[in-house]
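Reader: Please take a close look at one part of this model and describe how its helices pack. I would like the cut-offs behind each term.

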Amino acid sequence: MFSNVAEVPSAVPNALIIGTGEYVTGYVPGGGSKSDKSCGVVGLVHFDLRRRGLLGDRILVAGTNGSKFPAVREHLSKLIDSRYKGLSSQFESFPDDNKKDPSAYLTALKQMTAGDVVSIFTPDDVHFEMTRAALEAFCHVMVAKPLVLDFEQHRELVKLAQEKNRLLMVEVHKRFDPIYADARQRLNSGLMGEFGYFYSYMSQPKFQLDTFQAWAGISSDISYYLNSHHVDWHVWAMSGRGRPVSVRASCSVGQANARFKDGRHCEDTITLMVDWENIPSGSRGHAVYTASWTDPTSDVHSQQHFYCQTHKGFLKADQAHRGYYVSTDTDGFKSVNPLYMKYTTDSEGYYSGQSGYGYQSFERFVTAATQINDGSKKAEDFHSILPTASSTMQVSAILNAGRISLDNKQLPVSISYSESEDVFTPTGLLIHPPNM
């Protein structure tokens with residue numbers, strides 16, 4: 001399909017962003033987002049990476065409805081160009097402003113050169129086809145979590161990325177939070193003993209259902225959307241030390257269905273209950289991951305915390321409350337977290353959020369892509385460093401198993417492995433039939 005794409009990459013890549021939603025631009029139906037990401041994340045970070053010379057001059061953005069782009073440009077110009085010294089939100093858009101085209105990303109991909117970077121932030125059910133197309137175009141790819149909805153599709157993309165020697169990375173920025181990273185190292189080191197119990201909770205206020213109304217409960221669910229964060233952290237922390245073996249899911253239903261009133265089935269809250277096996281001892285632990293998008297409005301946009309008990313201690317982190325509070329007549333009382341995304345300027349008026357873990361996720365991806373392009377690294381060198389598709393297969397296994405459980409009267413789903421090869425890489429999912 002992309003035979004006209006050169007296979008010799010330039011070192012510093014140009015970029016294509018697929019998706020135009022809140023996380024990319026901060027723009028939602030009706031205007032700017034009311035969340036903590038009013039000027040977006042993906043676009044802003046890409047523009048600053050270009051300013052710093054880590055990306056090439058060309059940033060392309062592909063959506064499906066070109067009529068959105070004039071309003072998006074106005075929104076970004078107001079919140080980025082007019083606010084930050086020397087920072088431009090200029091981008092090339094696909095499709096044209098007067099057109100609608102669900103395949104516009106394919107047109108944009110034909111503009112890319114081997115070794116360029118593609119970031120995919122679209123509804124979950126189209127991740128697979130878009131990622132496959134980007135890899136076929138010899139691009140390095142970052143995909144919003146979850147990578148895909150189906151575990152077998154994850155396996156297929158891992159194989160394709162290996163064949164193309166391209167970096168395929170999942171955007172799970174909690175890995176770059178210094179507190180979460182420190183907690184991971186403490187658990188993974190083994191100094192705290194084997195894993196025993198893990199609990200996590202992550203939520204968003206119910207008004208976000210209006211932002212996500214085009215896909216919530218239709219093409220994905222709240223577990224794929226939010227549980228993916230802490231499932232990934234736990235999988236990362238247990239790397240080489242354990243594996244998930246069984247998943248059962250439960251849910252709450254009522255608020256979202258009443259809000260949409262269109263007949264869709266959309267869970268309010270989903271809990272995944274996962275049995276873990278410590279390797280090599282064979283001792284067992286268990287985890288409970290819960291996600292909801294029906295929380296009330298509070299001092300934070302997203303509640304997010306975890307507790308992890310080990311044989312020799314425990315770890316506990318509250319990512320929503322960092323001990324920093326701001327109150328204004330306009331926005332009321334808020335617990336803010338500039339460690340994630342810092343939107344204030346430095347003393348000279350420049351954007352100064354480069355140390356935020358939301359920013360670092362993209363910078364690490366772009367830097368790794370450049371190193372692969374210049375030949376100093378291979379894609380496989382990053383499996384133990386970054387959340388690549390190869391190193392996150394357990395994440396997709398857990399999330400997909402949870403959906404299968406919900407769709408099959410909450411029956412448990414086992415995760416299988418090869419005992420003769422890599423005992424940590426899942427090979428399949430199996431529903432447990434009910435006892436007769």
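Author: What follows covers the packing around one helix, then the aromatic pairs and one buried residue.

The model is predicted, so local features need pLDDT of at least 70 and side-chain atom pairs count only at pLDDT 80 or more, while totals for chains, interfaces and linings use all residues. Residues are numbered from 1 along each chain as its sequence is written, and side-chain values use heavy atoms, with hydrogens and water left out.

The helix is α6, residues 151-164. Helices (H or I, at least four residues) and strands (E, at least two) are DSSP runs, numbered from the N terminus. Axes are lines fitted to C-alpha atoms, for helices over the stretch in contact, and angles run from 0 to 180 degrees between N-to-C directions.

One partner of α6 is α12 (residues 393-407), packed at an angle of about 160° with the axes 9 Å apart. The two helices are therefore roughly antiparallel; angles over 145 degrees count as such, under 35 as roughly parallel, 65 to 115 as roughly perpendicular and the rest as oblique. The contact (heavy atoms within 4.5 Å) involves Phe 151, His 154, Arg 155 and Val 158 of α6, with Met 393, Ser 396, Ala 397 and Asn 400 on the α12 side.

Another partner is α5 (residues 127-136), at about 10° to α6 and with axes 10 Å apart. This angle makes α5 roughly parallel to α6. From α5, the residues Phe 128, Thr 131, Arg 132, Leu 135 and Glu 136 meet Gln 153, Glu 156, Leu 157, Leu 160, Ala 161 and Lys 164 of α6.

Turning to the rings, the whole structure holds 22 aromatic pairs. Rings of Phe, Tyr and Trp (its six-membered ring) pair if their centres lie within 6.5 Å; planes under 30 degrees apart count as stacked, over 60 as edge-to-face and the rest as tilted. Tyr 340 and Tyr 357 have ring centres 5.5 Å apart and planes at 45°, so their pair is tilted. Tyr 340 sits in the loop between β16 (332-335) and α11 (357-373) and Tyr 357 in α11, so the pair ties together parts 17 residues apart in sequence. Both tyrosines, Tyr 340 and Tyr 357, are buried, meaning under 20% relative accessible area, with exposed over 50% and partly exposed in between (1.4 Å probe, protein chains only).

Helix α11 also contains Glu 363, which is buried at a relative accessible area of 15%. Leaving aside residues up to four places away in sequence, Glu 363 touches Leu 49, Arg 52, Leu 54 and Gln 354.
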